[in-house]
Amino acid sequence: MAVTGAALERAAPRRRRRVSGATRLGVALFSPALVYIAALLGLPLVLAFLYSVGDVTVGSVGYEFVGLENFRSVVESPSFRRALVNSFVFTIASQVIVIVCANALALALRERFRGRGLVRFLILLPWVAPISLGAIGWKWILDSIYSVVNWVLAKMHLVNLFDPPMWLGRPALAMASVIAVHSWRMIPFSTVILLAGLTSIPKELPEAAAVDGAGFWRTHFEITLPMMRPIINVAVLFGVVFTFTDMTVVYILTRGGPYDSTQVLPSLAFQTGVLGSDLAEGAAISMFLVPILVAVAALMLRVAHRAEVV
Amino acid sequence: MGGPRRSPLTRLGRWLIVIGFAALLAFPFYWMAITTFKQTSDLYNVEHDPFVFNAAPTLDHLRLLFRETLFLRWFWNTTVAGAAVVAITLVLAVPAAWALARLTGRFGQQLGIGIFLTYLVPPTLLFIPMSRVVSWLGLQDTLWAIIVTYPTFTVPFSIWLLMGFFKAIPRDLEDAALVDGLTRFGAFVKLVIPISVSGILTVVIFSFTLVTQEFVYALTFISSAEHQTVGVGVPIYLVRGDVYYWGSLMAACLITSLPIAVVYNLFLDRFIAGFTVGAVK
């Protein structure tokens, strides 16, 4: 007893010293990254908030607190209301398309077959190639005069080649085009995430169901889909963030036009705050992204937490 | 493999989905290739079948792209910025990830998740204040503006990705190195880093491709054409007024996209592991 006590006493300080040395090393290794993130993510985040409740323009040096003035003038502008609605339409429509297509595609790609590698490469192209370049490719495909889509539709006698649909020039068509191109971009991403989830489902389960006489659809909806729920959640959460906060597709295809009909919150913030030099209103518009981001972050933590517990 | 018997209908359906989607998703790249080699008079004729060459293929658009535009300059800028961002990312993320994975216990895991969440902060939320920060640093309209800011995307995701790699290394291995007289830091440099090469390579590819793919910050911070990256230079500056040089434009898109796509494709499964940690066991 006494011996153990003495041994413990002797061991304890040494152990403590070693732990604290290790901790110090850990802090030293970790702090450069933390300082960098605080300076270039934390600080701008604080500034974004300050700008949104202040009076700042590109030329000005001073800062004056104006409360919710910027938000009031933003909310009153028809462009903003249009952009807010468009952002939700853009996000929800493209995510519905993406999840349905990605599900079908992931199921179809699940089993190995000859040429799967090539097919995977082709399918992934929209995601791995720079989106600004993919979008400009679509701008050519949807050109007002030389659109290949119109040429094909004209051959099928669905459109008149001399009065073709202006894919990017009419409000409803432009919105549909922007949604379609963004979905095109996101389908590969969701597909590979769902594939990762599919491979983790034990093969025996759907097979047993099939042996028991359940058909494809029943097996799919009653066994495979419920088991894929967590991974579908992950794909949707990332998809929502990458869609709601994106302006690349809109900016390149339509610049938000015609008449703000495809304007979304990020592109309006860019137009107001960067091109229009109204930092305060631009920052206020950007602030409307925050609730969605916070919600997604909270849901993601729940997904991560649940996975850890189970 | 095998699996249960599939009805011919299911198999047909599967093939239709696979081929249909592959064609649809890859179509714009095929279209870029066709456009690149078509003569201008062939491109701009509504009567012509756009799927075939109605006139002899030409290299004119490529010639224009390489000789009379800033394309090569943009390519070079992207490479330089990419290399610099990779270097900064490795210096910041590798030690931090190891520290979080190993040394600070449960707190490390929580901090790791916190850092991963910062990856969700989008450039469209920060571009306005960030442009102020960039001008305080005196970096506006230089390549440095993006070299300094892009690690805000790459560092958080890379820390998260590398934490997974480092956790997979048995602790005993490091302890054995300590017994052999190495310091903990020595064990990290001489033992952990060499066996984590594939994880580190994943971070390298991720960071480099991000530089080629990012659009918003480069568009916001860099205002002159000669300092741009490919991702902004091609879609913005290859358009003069209202005139789109479609042949050269599509050539530039294709030439840039394909190599990035090939490399990214090789490492894709590891990136996806970063996104799905927690939801897939």
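Modeller: Helices (H or I, at least four residues) and strands (E, at least two) are DSSP runs, numbered from the N terminus. We're looking at a predicted model: local features need pLDDT (the predictor's confidence in each residue, from 0 to 100) of at least 70, side-chain atom pairs count only at pLDDT 80 or more, and totals for chains, interfaces and linings use all residues. Residues are numbered from 1 along each chain as its sequence is written, while chains are lettered from A and ligands numbered from 1 in the order in which they are written.

Colleague: Okay, where in chain B does B:Pro50 lie?

Modeller: Look past helix H2 of chain B, which spans 40–43. Helix H3 covers 60–68, and B:Pro50 sits in the loop between H2 and H3.

Colleague: Does B:Pro50 count as buried or exposed?

Modeller: The test is how many other C-beta atoms, placed from the backbone, lie within 10 Å of a residue's own: 20 or more is buried, 12 or fewer is exposed, and in between is partly exposed. B:Pro50 has 21 such neighbours, so this loop residue counts as buried.

Colleague: Which residues is B:Pro50 in contact with, leaving aside its neighbours within four places in sequence?

Modeller: Contact needs the C-beta atoms of two residues, placed from the backbone, to lie within 7 Å. With the sequence neighbours within four places set aside, the contacts of B:Pro50 are A:Val148 and A:Trp151.

Colleague: How many residues does each chain give to the contact of A and B?

Modeller: Helix H1 of chain A (residues 2–52) gives the largest share of the A side, 18 residues. By class, that side has 70 nonpolar, 12 polar and 4 charged residues; here Ala, Val, Leu, Ile, Met, Phe, Trp, Tyr, Cys and Pro are nonpolar, Asp, Glu, Lys and Arg are charged, and the others, Gly among them, are polar. The totals are 86 residues from chain A and 81 from chain B.

Colleague: And which residues touch the most other members of the largest nonpolar core?

Modeller: A nonpolar core joins buried Ala, Val, Leu, Ile, Met, Phe, Trp, Tyr and Cys residues through C-beta atoms within 7 Å. One to look at is B:Ala93, whose contacts beyond four places in sequence include A:Ala33 as well as B:Val155 and B:Val203. In this core of 162 residues, the ones touching the most other members are B:Ala93, B:Ala96, B:Ala97, B:Ile159 and B:Leu162.

Colleague: Why is chain A more spread out than a compact globule?

Modeller: Chain A has 13 helices and 0 strands. Its C-alpha atoms fill a box of roughly 100 × 75 × 30 Å along the principal axes. The globule rule (2.2 Å times the number of residues to the power 0.38, for a radius of gyration taken over C-alpha atoms) gives 19 Å for 310 residues, so chain A is more spread out, with a radius of gyration well over that, at 26 Å.

Colleague: How far apart are the C-alpha centres of domain 1 and domain 2 of chain A?

Modeller: Domain bounds come from an automatic or database domain assignment. For chain A they are 1–52 for domain 1 and 70–309 for domain 2. The two C-alpha centres are separated by 41 Å.

Colleague: Which helix gives the most to the side of domain 1 of chain B that touches domain 2 of chain B?

Modeller: Chain B is split into domain 1 (17–58) and domain 2 (72–276). Their contact takes 8 residues from domain 1 and 7 from domain 2. On the domain 1 side, 5 residues come from the top contributor, H1(B).

Colleague: What is the radius of gyration of chain B?

Modeller: Chain B comes to 14 helices and 2 strands. The globule rule gives 19 Å for its 281 residues, so chain B is also more spread out than a compact globule, with a radius of gyration of 24 Å.

Colleague: Back to chain A: what is the phi of A:Arg255?

Modeller: Most residues other than glycine have a negative phi. A:Arg255 is in the loop between helix H10 (248–253) and helix H11 (265–275) of chain A, and 15 C-beta neighbours inside 10 Å make it partly exposed. Though not a glycine, A:Arg255 has a positive phi of about 55°.

Colleague: Last one: what does chain B average in pLDDT?

Modeller: The model as a whole scores ipTM 0.88 and pTM 0.88. In chain B, 95% of the residues score at least 70, and the average pLDDT is 86.
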